[in-house]
Amino acid sequence: MEAGGGVGVGAGPNYNPRTVEEVFKDFKGRRAGLIKALTNDVEDFYRQCDPEKENLCLYGFPSEQWEVNLPAEEVPPELPEPALGINFARDGMQEKDWLSLVAVHSDAWLLSVAFYFGARFGFDKADRKRLFNMINEFPTIFEIVSGSVKKQSKEKSSVSNHSSNKSKSNSKGVKEVFTIHSLNLARKNDEEDDDEHGDTLCGACGDNYAADEFWICCDICEKWFHGKCVKITPARAEHIKQYKCPSCSNKRARS
């Protein structure tokens with residue numbers, strides 16, 4: 001695989017969309033590639049996002065192709081970069097939730113690339129508005145992957161005040177996707193008495209519990225681990241709905 005980033009497969013070395021129509025065409029091609037990765041090619045995409053590999057990104061190209069690869073080496077990169085490290089969260093979440101998380105980040109990346117071109121080539125207020133309106137006619141990748149686009153189409157004929165309820169419903173769905181697995185983390189956050197929990201041992205290193213360290217509990221075997229031992233930070237834990245320790249993840253892979 002070629003290095004990540006760049007302008008894209010089949011785009012040519014001097015590929016730079018300069019008009020609203022060209023930027024929109026670029027957006028549609030990249031979007032089609034990302035949707036393909038998260039739907040028709042999802043098994044291949046899932047396999048390539050190995051948590052044992054380094055930080056990986058999902059790229060979409062104007063040619064409607066996609067690629068999982070390392071981030072661009074150039075600093076700053078030629079184009080805005082997609083979300084880094086999507087592979088690390090793969091085995092710590094339900095597959096549909098993980099795909100939805102990748103979809104949300106892919107939507108943000110598509111917009112950043114489109115408006116990067118707009119800024120680079122001096123789009124004025126009218127051009128930016130027209131570009132956004134053209135993009136906004138399409139459902140987001142998240143809406144397609146989560147299935148909410150189908151629900152929205154059924155609700156289009158509803159009365160106007162129902163649209164606010166729909167908005168609340170959609171935001172609730174996103175919140176559920178990215179909700180931290182609160183039961184286990186809350187249990188650990190509430191453990192304020194060191195003496196009471198001093199006999200809790202890390203399932204990885206065997207050291208005792210300490211109140212000033214971040215810990216996380218496996219939802220399968222219910223063992224506790226130092227975050228640093230299983231490479232989970234508090235920030236990353238906020239995106240994990242169901243945490244599986246490395247041992248339980250390996251058991252699933254073998255089964």
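What span should the 26 residues of helix α3 have at 1.5 Å a residue, and how far apart are its end C-alpha atoms? Helix α3 covers residues 95–120, and at 1.5 Å a residue it should span 38 Å. Its end C-alpha atoms are 37 Å apart, which agrees with that expectation. The model is predicted. Just after α3, Gly-122 has a positive phi of about 70°.

**Backbone exceptions**

Most residues other than glycine have a negative phi, and most peptide bonds are trans. Two residues other than glycine, Glu-64 and Lys-231, take a positive phi.

Glu-64 is placed in the loop between β1 (57–60) and β2. Its phi is near 70°. Glu-64 has a relative accessible area of 41%, so the residue counts as partly exposed, because that class lies between 20% and 50%.

Lys-231 sits in the loop that runs between β4 (224–226) and α10 (234–237). Its phi is near 60°. The relative accessibility of Lys-231 is 67%, so this residue is exposed; the cut-off for that class is over 50%.

The peptide bond between Val-75 and Pro-76 is cis, with omega about -5°. Pro-76 belongs to the loop between β2 (66–69) and α3.

The table lists the backbone angles together.

| Residue or bond | Backbone angle |
|---|---|
| Glu-64 | phi near 70° |
| Val-75 to Pro-76 | omega about -5° |
| Gly-122 | phi about 70° |
| Lys-231 | phi near 60° |

Key:
Residues are numbered from 1 along each chain as its sequence is written. This is a predicted model: local features need pLDDT of at least 70, side-chain atom pairs count only at pLDDT 80 or more; totals for chains, interfaces and linings use all residues. Side-chain values use heavy atoms; hydrogens and water are left out. Helices (H or I, at least four residues) and strands (E, at least two) are DSSP runs, numbered from the N terminus. The expected span of a helix is 1.5 Å times one less than its number of residues. Buried means under 20% relative accessible area, exposed over 50%, partly exposed in between (1.4 Å probe, protein chains only).
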